[in-house]
Amino acid sequence: MSCLKGKAELLYSKTFDCANNRLELADLLEESQQTLSLGVGSCCVIVGDSGSGKTTLLKTFIKRFNEKHSTDVSENKSIKACYIRSPSNMSPLDLYRAILVGMAEPGSIQGSEVELRRRIAQHVKNKRYRVLVFDEFQQVVEKVGVKSARQIADYLKELVDELGLFLVFAGTSKVMNILEINEQFASRCSLIIEKKLLSVSTRKNYVHFVKYLITLNKHLKLSQIDFTNPEISLPIFAMTKGDLRQLSMLIRKAIFHACDKNRDEVLVKDFAAVFSSISASKKNQANPFSKKFSLLKAELGVNYEL
């Protein structure tokens, strides 16, 4: 059983090997390297729905960037990237406090706008932060007025220009509004990455979805699950709607269900058994594994050959 539970632990670390994550990571690393090598700041925007893998990409990028640039400590040339969780309840100073939290400033963070900005600049200089990664940035854009949004955009533009930083903004499509608020800031955007939920709307999308499952299973080795079988893959899609978080949750629950049944292998019936526990909104819906396959195809809009 411990071996099977180990697969559940492996699940989250290996999802990054799937879909387009590796190409997107390479683009981020290359763009950040070019920006910092030239000493001319720029920014990147990553947009996508919840569950499309944005945060996984961000945290992997920060990890790889810091690993790569931590080798010059002896010459005091090491540089760092930091993760900043955008505040959900915005007031004019909340973003600056969130930046300082991301930069690991201890204690209660108080002070005027001028003071907070001074401390951010000091951290950039002393701790050698060169990349700032803002997650859920649509919350900043959505919850402040136009005047405050322009003020924030102007400040971020100053960070790019005066300190030569590489800024990454991730969130829903509304993140793009930060580029519309300040045209000069938009001109400093050198890379846009669009993350999408997995889909079965076309045969090409279906093949991409199955490839995701197959790539993940190369690590998990669930030997009794044939993800190339549409009578397995389509019900799994119906249960998750292409949401990567939901997909990981479903697989994890199926693994632990098999453990609870004292089995060493995950079976299709384990996926079917955990259907009602994935989301409360699904409790009144019929289990996709119990539906007639032709009906399930019609409900998902799958009108192509599988």
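**Exercise 1. Locate N182 in this predicted model, and decide whether N182 is buried or exposed.**

Solution.
- Start with the chain. N182 sits in the loop between helix 8 (177-181) and helix 9 (183-186).
- Take the accessible area. The relative value for N182 is 9%.
- Apply the cut-off. Buried means under 20%, so N182 is buried.
- Look for partners. Neighbours within four places in sequence are set aside; N182 is then in contact with A153, D154 and K157.
- Check one distance. I152 is 30 residues from N182 in sequence, and their C-alpha atoms are 9.8 Å apart.

**Exercise 2. Find which side of helix 5 is buried, and what it packs against.**

Solution.
- Test the length of the helix. Helix 5 covers residues 113-126, which is 14 residues. At 1.5 Å a residue the expected span is 20 Å, and the end C-alpha atoms are 20 Å apart, so the two agree.
- List the buried residues of helix 5. They are L116, R117, R119, I120, H123 and V124.
- Place them around the axis. They cover an arc of only 160 degrees, which puts them on the same side of helix 5.
- Recall the general rule. An α-helix has 3.6 residues a turn, so residues three or four places apart point the same way.
- Turn to the other face. The face turned away from the buried side of helix 5 carries the exposed residues V114, K125 and N126.
- Name the packing partners. The buried residues of helix 5 pack against helix 4 (94-102), strand 3 (129-135) and helix 7 (146-163).
- Look past the end of the helix. R128 follows helix 5 and has a positive phi, near 60 degrees.

**Exercise 3. Describe how helix 2 and helix 3 pack.**

Solution.
- Take the geometry. Helix 2 (residues 21-38) and helix 3 (residues 54-68) have axes 10 Å apart, at an angle of about 50 degrees.
- Classify the angle. Helix 2 and helix 3 are therefore oblique to each other.
- Assign the hand. The crossing of helix 2 and helix 3 is right-handed.
- Read off the contacts. Helix 2 contributes residues including L25, L28, L29 and L36, and helix 3 residues including L57, F61 and F65.

**Exercise 4. Do the analysis again for helix 11 and helix 15.**

Solution.
- Take the geometry. The axes of helix 11 (residues 230-240) and helix 15 (residues 293-300) come within 11 Å and cross at roughly 45 degrees.
- Classify the angle. Helix 11 and helix 15 are therefore oblique to each other.
- Assign the hand. Their crossing is left-handed.
- Read off the contacts. P230, E231, L234, P235, F237 and A238 of helix 11 meet F293, L296, K297 and L300 of helix 15.

Terms used. Residues numbered from 1 in each chain as written. Predicted model: local features only at pLDDT ≥ 70, side-chain atom pairs only at ≥ 80, totals over all residues. Heavy atoms only, no water. Helix = DSSP H or I, 4+ residues; strand = E, 2+ residues; numbered from the N terminus. Expected span 1.5 Å × (residues − 1). Buried < 20%, exposed > 50% of the residue type's maximum accessible area, 1.4 Å probe, protein only. Arc of directions from axis to C-beta. Contact = heavy atoms within 4.5 Å. Axes fitted to C-alpha atoms, helices over the stretch in contact; angles between N-to-C directions. Parallel < 35°, antiparallel > 145°, perpendicular 65-115°, else oblique. Left-handed = near helix turned anticlockwise from the far one by under 90°.
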